[in-house]
Amino acid sequence: MVNVTENKDYRFMQYDHYDGENYSFFDIIEVDAENETITVMLSCLGKLAMRTFELYEDENEDVFFEYGPCSERIYLEEFN
């Protein structure tokens with residue numbers, strides 16, 4: 001069970017991710033603690049897409065989802 005603070009409002013929090021070549025911008029639409037998923041609006045290379053990712057927990061109980069071909073970890077705590 002992923003430990004997500006259910007009463008925290010994650011909506012409209014944003015994160016900018018640089019993969020070494022391009023920037024991707026994530027805007028949180030919804031964090032679903034029950035289904036352990038996050039839905040984000042993703043902007044990359046001028047294209048917009050709404051994507052849902054599974055949430056995971058690392059050994060320190062920090063919540064993240066995996067993105068990209070190398071499954072890079074994007075942590076919820078990095079959103080602001």
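## Terms and basis of the model

Strands here, like helices, are DSSP runs numbered from the N terminus, a strand (E) needing at least two residues and a helix (H or I) at least four, and two strands are said to pair if DSSP finds at least two bridges between them. The structure is a predicted model, in which local features need pLDDT of at least 70 and side-chain atom pairs count only at pLDDT 80 or more, while totals for chains, interfaces and linings use all residues. Residues are numbered from 1 along each chain as its sequence is written, and side-chain values use heavy atoms, with hydrogens and water left out.

## Strands β2, β3 and β4

Strand β3 (residues 37-44) has pairing partners in both β2 and β4: with β2 (residues 23-32) the pairing is antiparallel over eight bridges, and with β4 (residues 47-54) it is likewise antiparallel over eight bridges. Within the first of these pairs, Ile38 of β3 is the bridge partner of Val31, and in the second, Ala49 of β4 is the bridge partner of Leu42. As background, strands of a sheet pair through backbone hydrogen bonds, in either a parallel or an antiparallel manner.

Both pairs are hairpins. Four residues lie between β2 and β3, and Glu36 in that turn has a positive phi of about 55 degrees; two residues lie between β3 and β4, where Leu45 in the turn has a positive phi of about 55 degrees. Six of the eight residues of β3 are buried (under 20% relative accessible area with a 1.4 Å probe, protein chains only; over 50% is exposed, and values in between are partly exposed), so β3 is largely enclosed by the rest of the structure.

## The sheet β5-β6-β7

An open sheet of three strands follows the order β5-β6-β7, with antiparallel pairing. Strands β5 and β7 stand at its edges with a single partner strand each, so one side of each is left without a neighbour in the sheet. Two bridges join β5 (residues 56-57) to β6, Phe64 of β6 being the bridge partner of Tyr56, whereas β6 and β7 (residues 72-75) pair over four bridges. Along this second pairing, Tyr67 stands opposite Glu72, and Phe65 has Ile74 as its bridge partner in β7.

The hairpin of β5 and β6 has five residues between the strands, with Glu61 in the turn at a positive phi of about 65 degrees, and the hairpin of β6 and β7 has four, with Gly68 at a positive phi near 90 degrees. Four of the five residues of β6 (residues 63-67) are buried, so this strand is largely enclosed by the rest of the structure.

## The nonpolar core and Phe65

A nonpolar core is a set of buried Ala, Val, Leu, Ile, Met, Phe, Trp, Tyr and Cys residues joined through side-chain atoms within 4.5 Å. The largest such core has 21 residues, and those with the most contacts inside it are Ile38, Leu55 and Phe65. Two or more residues come from each of β2, β3 and β6, and β3 gives the most, with four.

Leaving aside neighbours within four places in sequence, the contacts of Phe65 (heavy atoms within 4.5 Å) include Phe26, Ile38, Phe53, Leu55, Ile74 and Phe79, as well as Glu54, Glu72 and Arg73.

## Glu77 after strand β7

Glu77 lies in the segment after β7 and, at 59% relative accessibility, counts as exposed. The C-alpha atoms of Glu77 and Tyr23 are separated by 19 Å, the two residues being 54 residues apart along the chain.
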